[in-house]
Amino acid sequence: MKMLSLTLGTLSALGLQSNADAAGVSGATTSFQQIRNATAKITYGETVLLVDPMLASKGAYPGFPETYRNELRNPTVELPFDTGQVLKGVDAVLVTHTHLDHWDPAAESLIPKQMPVFVQNEVDAKLLRDKGFKDVRILRPREIFGGVAISRTVTQHGSDSMYAIESLAKRLGSVMGLVFEKAGSPTIYLAADTVWTNEVQDTINRYKPDVIVLNTGDARITGFDTGIIMSSGDTLRAHTLAPNAKIVSVHMDAVNHATVFRADLRQYVIENSLQGSVLIPEDGETLKF
């Protein structure tokens, strides 16, 4: 499968604009558009899937309590374009979990109530149905939608020591990762809000994805010296495990508790010679594969 060129990967890793159309890539039918934070659009041909919509304006919500920089309001940046453009062409929504930075009141208000929405469990399904959504589906281990196979994967939204604390484990909750497959097209693994685990490694080994999307903002809660999602070093782990895959790093520069920013990751990428493998899309940027 022809992927983004080395030159394009290098430009993205360095934080330069890497719009595939501008680079002369044509005829691609699979794309990943970074919207903001964990919000993204994944397109396979005519099927457009919106993942983890947080659609509020800058500063709409207080910072997450008991987290790094919680004096800041979320989101910390605006959407790159209006919500009408975010929702344009979307066939279904996938919500990995219902934390505010992945599913917010703005999304509840703006997404059409008839839109198919896939969630991880009955708790999340009830939450959305109670808000008036008519077509809420609990994602099965493997689901076919619009010709795209969508598989759910195991995640862990923090360390073992965090989940050993009952109140914190409840706060962190459960999350699902996602694998997207279509015959003749790149396989995309979206790890979602998780730290690096054996299950993440097993998923990469099992599906051998062409594209691995990692949330690398290293979000921190008070009292712990490790994050509740991945960090810069996990891009190197993923590359070591899957050297031919493109690593797409997101969930940065948009919420208060992130401790890794795009600038930090760009520097890490250069220091570890990952320019051809790690892509760091700006908000609104589309990567075509």
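Between which strand and which helix does the loop with Asp-218 lie? In this predicted model, the loop runs between strand E11 (211–215) and helix H8 (232–241). Let's start there and then visit the helices, the open spaces and a strand.

**Unusual backbone spots**

As a rule, most residues other than glycine have a negative phi, and most peptide bonds are trans. Asp-218 is not a glycine, yet its phi is positive, about 50 degrees. The residue is also buried, its relative accessible area being 7%.

Asp-253 is another non-glycine residue with a positive phi, here about 60 degrees. You will find Asp-253 in the loop between strand E12 (246–250) and H9. With a relative accessible area of 24%, Asp-253 is partly exposed.

A cis peptide bond joins Asn-74 to Pro-75, with omega near -15 degrees. Pro-75 belongs to the loop that connects strand E3 (47–51) with helix H2 (83–87).

**Helix H4**

Helix H4 spans residues 122–130, and its buried residues are Asp-124, Ala-125 and Leu-128. Because these residues cover an arc of only 100 degrees around the axis, they sit on the same side of H4. What do the buried residues of H4 pack against? Their partners are strand E5 (117–119) and strand E6 (136–138). Turn to the other side of H4, and you meet Val-123 and Asp-130, which are exposed.

Both ends of this helix deserve a look. At the start of H4, Asn-121 brings a side-chain oxygen to within 3.3 Å of the backbone nitrogen of Val-123. After H4 comes Gly-132, with a positive phi near 100 degrees.

**Helix H9**

Helix H9 covers residues 262–271, with Arg-262, Leu-265, Arg-266, Tyr-268 and Val-269 buried. Their arc around the axis is only 165 degrees, so they lie on the same side of H9. Exposed residues Ala-263 and Glu-271 are carried on the face turned away from that buried side. Just past H9, Ser-273 adopts a positive phi of about 55 degrees.

**Pockets and a cavity**

The table sets out the linings by residue class.

| Space | Nonpolar | Polar | Charged |
|---|---|---|---|
| Largest pocket | six residues | four residues | three residues |
| Second largest pocket | four residues | seven residues | three residues |
| Largest cavity | seven residues | two residues | one residue |

The largest pocket has a volume of about 220 Å³. Among the 13 residues lining the largest pocket, Phe-64, His-99, Arg-171, Ile-228 and His-257 are the closest to its centre.

The second largest pocket holds about 180 Å³ of space. Its lining has 14 residues, and those nearest the centre are Val-195, Trp-196, Thr-226, Gly-227 and Ile-229.

How many cavities of 30 Å³ or more does the structure hold? There is one. The largest cavity has a volume of about 40 Å³. Its lining is formed by Phe-32, Ala-38, Ala-40, Asp-52, His-102, Leu-190, Ala-192, Val-213, Asn-215 and Val-250.

**A residue in strand E2**

Is Thr-43 buried or exposed? Thr-43, a residue of strand E2 (residues 39–44), is buried, because its relative accessible area is 17% and buried means under 20%. Leaving aside residues up to four places away in sequence, Thr-43 touches Thr-29, Thr-30, Ser-31 and Val-48.

Note on methods: Residues numbered from 1 in each chain as written. Predicted model: local features only at pLDDT ≥ 70, side-chain atom pairs only at ≥ 80, totals over all residues. Heavy atoms only, no water. Buried < 20%, exposed > 50% of the residue type's maximum accessible area, 1.4 Å probe, protein only. Helix = DSSP H or I, 4+ residues; strand = E, 2+ residues; numbered from the N terminus. Arc of directions from axis to C-beta. Contact = heavy atoms within 4.5 Å. Polar contact = N/O pair within 3.5 Å; in protein donor to acceptor, adjacent residues only side chain to side chain. 1 Å grid on protein atoms, 1.4 Å probe; cavity = no way out; pocket = protein on both sides within 12 Å on 5 of 7 lines; lining within 4 Å. Points joined across faces, edges and corners; volume = space filled by probe spheres on them. Nonpolar A, V, L, I, M, F, W, Y, C, P; charged D, E, K, R; others polar.
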